[in-house]
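Please open the model in your viewer and keep the sequence panel beside it. The tour below moves from one selection to the next and says what is to be found at each stop.

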Amino acid sequence: MARWRNGRGLLLIRLGGSGAEVSVPLEMATSYRARTRGLLGRDSLAGAMLLSPASSVHTFRMRFPIDVAYLDRDLTVLAVHTMHPGRLGLPRLRSRHVLEAEAGAMAGWGLVAGARVGIEAAPA
């Protein structure tokens, strides 16, 4: 399993068949404190946030709907869901990481179940 630190990086989404790649700005929340805080208190998110390790999320006290992608240990997308504020997501079997983005963003990036993603951490 990959080990990342809190910080920034890039989410690389490999589009099926064409071999093209989409890169998205990424915030990584890997400590307990950073994962707990997540997107609370924000009005928007530029790019995506990776919560690791994580297998579920909630949207209590959030200000906007989000897309949630559950990733396995190989960074393959298991499922993508849109969650509105005030909801509790059930834990996803085999999920090791969770990606969050503003609602509708993941569809625009072509992120669907079965897609493979890559994570590039910014140099410290």
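A residue counts as buried under 20% relative accessible area, as exposed over 50%, and as partly exposed in between, with a 1.4 Å probe and protein chains only. By that rule Ala121 is partly exposed, because its relative accessible area is 47%. This is a predicted model, in which local features need pLDDT of at least 70 and side-chain atom pairs count only at pLDDT 80 or more, while totals for chains, interfaces and linings use all residues. Residues are numbered from 1 along each chain as its sequence is written, and side-chain values use heavy atoms, with hydrogens and water left out.

**Stop one: Ala121 and its strand.** Select Ala121, which belongs to strand S7; helices (H or I, at least four residues) and strands (E, at least two) are DSSP runs numbered from the N terminus. Adding Arg5 to the selection shows a C-alpha to C-alpha separation of 8.2 Å, although the two residues are 116 apart in sequence. Beyond its neighbours within four places in sequence, Ala121 is in contact (heavy atoms within 4.5 Å) with Arg8, Gly9 and Met28.

**Stop two: the strand pairs.** Display S1 with S7, which run antiparallel and are joined by five bridges; two strands are said to pair if DSSP finds at least two bridges between them. Within this pair, Ile13 stands opposite Val117 in S7. S1 also pairs with S2 in the antiparallel sense, over eight bridges, and there Arg14 stands opposite Glu21 in S2.

**Stop three: the nonpolar cores.** A nonpolar core is a set of buried Ala, Val, Leu, Ile, Met, Phe, Trp, Tyr and Cys residues joined through side-chain atoms within 4.5 Å. The largest one has 21 residues, and Leu11, Leu99, Trp109 and Leu111 are those with the most contacts inside it. Among the elements that each supply at least two residues of this core are strand S1 (7–14), strand S6 (97–102) and helix H2 (105–109). A second, separate core of 16 residues includes Leu45, Met62, Val68 and Ala79. Centring on Trp109 brings up contacts that include Leu11, Ile13, Val24 and Ala101, once neighbours within four places in sequence are left aside.

**Stop four: two buried acids.** Which residue carries the side chain of opposite charge nearest to Asp67? It is Arg87, 13 Å away, and Asp67 is buried yet has no salt bridge, that is, no side-chain nitrogen of Lys or Arg within 4 Å of a carboxyl oxygen of Asp or Glu. For the charge assignment, Lys and Arg count as positive and Asp and Glu as negative, while His and the chain ends are not counted. Asp67 lies in strand S4 (residues 66–71), and its side chain is joined to that of Thr82 by a polar contact of 2.8 Å. The Asp67 side chain also reaches the backbone nitrogen of Ala105 at 3.3 Å.

Next select Glu100 in strand S6, which is likewise buried without a salt bridge, with Arg42 as the nearest side chain of opposite charge at 8.2 Å. Glu100 touches Asp67, and its other contacts include Leu39, Leu45, Val57 and Met106, not counting residues up to four places away in sequence.

**Stop five: a buried loop residue.** Finish at Leu75, in the loop between S4 and strand S5 (77–83), which is buried because its relative accessible area is 11%. Residues touching Leu75 from beyond four places in sequence include Trp4, His97, Val117 and Ile119.

Methods: Polar contact = N/O pair within 3.5 Å; in protein donor to acceptor, adjacent residues only side chain to side chain.
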